[in-house]
Amino acid sequence: MKSWINFLVLMTSIASTSTLLASGSIETGNGQMLPVTHAKWKAECSSCHTLYHPNLLPEKSWNKIMAGLDQHFGENASLDAITRDEITRFLALHSAEKSDNRRAQHINQSISASDVPIRITQTRYFMSKHDEISASTFKRKSIGSTANCIACHQGAEKGNFSESQVKIPR
Ligand code: HEC
Ligand code: HEC
């Protein structure tokens with residue numbers, strides 16, 4: 001009986017390891033976030049800043065952001081209820097904890113269970129990856145803000161944060 005249970009445990013762990021390996025390969029071969037698209041999201045969430053890939057925050061954060069669009073970082077970014085709900089569902093579907101992308105998982109793991117950040121730039125992961133860039137660099141005219149990902153990561157909107165593509169503008 002005992003060895004039968006051991007056998008089952010062994011088989012289960014082999015099965016889950018291979019699922020992990022298999023799901024790892026869903027990630028685009030180059031280790032980047034899967035490019036995603038949604039017409040309304042693209043239209044409504046890219047007019048003021050970088051179109052932030054949904055892998056960059058967990059679902060709880062997107063829900064909070066989408067519930068507070070009337071007071072969105074000092075702007076009124078309100079949407080009609082149907083559009084808002086549609087975009088919220090899209091963001092939730094592709095949120096950090098649902099991705100097997102390495103960077104998405106690190107972002108999610110750097111947020112404590114009780115915290116609901118509404119900024120990617122305030123997550124521990126983001127801060128640890130950008131702590132060597134000085135505040136004055138972020139303030140350059142060509143950059144302006146830590147939130148302006150696309151100034152330095154050309155492929156940001158497609159979910160590409162590859163080190164080989166990073167270029168800090170003068
Ligand atoms: C009317 C302009 C406007 C629109 C439209 C808008 N935003 Fe923003 N958003 C802002 C401003 C301003 C900031 C703060 C930027 C900064 O700190 O440099 C911001 C910041 C953010 C941040 C935090 C960035 C960080 O610091 O990590 C997220 C996430 C975000 N917006 C998501 C959205 C989403 C999702 C939508 C679409 C539903 C949206 N925004 C539409 C103006 C806008
Ligand atoms: C001033 C330029 C600049 C801005 C703006 C910026 N980054 Fe970065 N980012 C960098 C640099 C430089 C690195 C380090 C590259 C390396 O690892 O050598 C980096 C690293 C990263 C990494 C880690 C890559 C890895 O695997 O090591 C991620 C993810 C990332 N940035 C996301 C973002 C996001 C999301 C935003 C916007 C909210 C952003 N960055 C804004 C310059 C910038």
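Let me start with confidence. This is a predicted model, and the protein chain averages a pLDDT of 88. Of the residues, 83% score at least 70. One stretch falls well outside that: over residues 7-27, pLDDT stays under 50. For residues 7-27 the model has eight contacts beyond four places in sequence. Please keep that segment in mind when you look at the picture.

Now the ligands. I'll take ligand 1 first.

Where does ligand 1 sit? The space it takes is the largest pocket. Around ligand 1 there are 19 residues. Five of them come nearest: Cys45, Cys48, His49, His72 and Thr121. So much for the list; here is the make-up. The shell around ligand 1 divides into 11 nonpolar residues, five polar and three charged. Which helix gives the largest share of that shell? Helix α3, residues 59-67, with three residues.

Next, the polar contacts of ligand 1. Histidine 49 is among the nearest residues, and an N or O atom in its side chain is 2.8 Å from a nitrogen atom of ligand 1. Two other side chains face oxygen atoms of the ligand. For arginine 119, a polar side-chain atom lies 2.6 Å from an oxygen of ligand 1. For serine 145, the distance from a polar side-chain atom to an oxygen of ligand 1 is 2.6 Å.

On to ligand 2.

The space taken by ligand 2 is the second largest pocket. Its surroundings hold 20 residues. Nearest are Arg103, His130, Cys149, Cys152 and His153. By type, the shell around ligand 2 has 11 nonpolar residues, five polar and four charged.

Which helices supply at least two residues each to the shell around ligand 2? They are α5 (102-109), α6 (124-130) and α8 (149-152). The largest share, four residues, comes from α6.

Now its polar contacts. Two histidines reach nitrogen atoms. A polar side-chain atom of histidine 130 lies 2.8 Å from a nitrogen of ligand 2. Histidine 153 also places a polar side-chain atom 2.8 Å from a nitrogen of ligand 2. Lysine 129 goes to an oxygen instead: its polar side-chain atom lies 3.1 Å from an oxygen atom of ligand 2.

To recap the two sites. Ligand 1 takes the largest pocket, and ligand 2 the second largest. A histidine side chain meets a nitrogen of ligand 1 at His49. For ligand 2, look at His130 and His153. That's my tour. Questions, please.

Conventions: Residues are numbered from 1 along each chain as its sequence is written. Chains are lettered from A and ligands numbered from 1 in the order in which they are written. This is a predicted model: local features need pLDDT of at least 70, side-chain atom pairs count only at pLDDT 80 or more; totals for chains, interfaces and linings use all residues. Side-chain values use heavy atoms; hydrogens and water are left out. A residue is near a molecule or strand if one of its heavy atoms lies within 4 Å of it. A polar contact is a pair of N or O atoms within 3.5 Å; within protein, one must be able to donate a hydrogen and the other to accept it, and residues adjacent in sequence count only if both atoms are side-chain atoms. On a 1 Å grid over the protein atoms alone, a cavity is a set of points where a 1.4 Å probe fits but cannot get out, and a pocket is an open set with protein on both sides within 12 Å along at least five of seven lines; lining residues have an atom within 4 Å of a point. A molecule sits in a cavity or pocket if more than half of its atoms lie within 2 Å of its grid points. Ala, Val, Leu, Ile, Met, Phe, Trp, Tyr, Cys and Pro count as nonpolar, Asp, Glu, Lys and Arg as charged, and the others, Gly among them, as polar. pLDDT is the predictor's confidence in each residue, from 0 to 100. Contact means heavy atoms within 4.5 Å.
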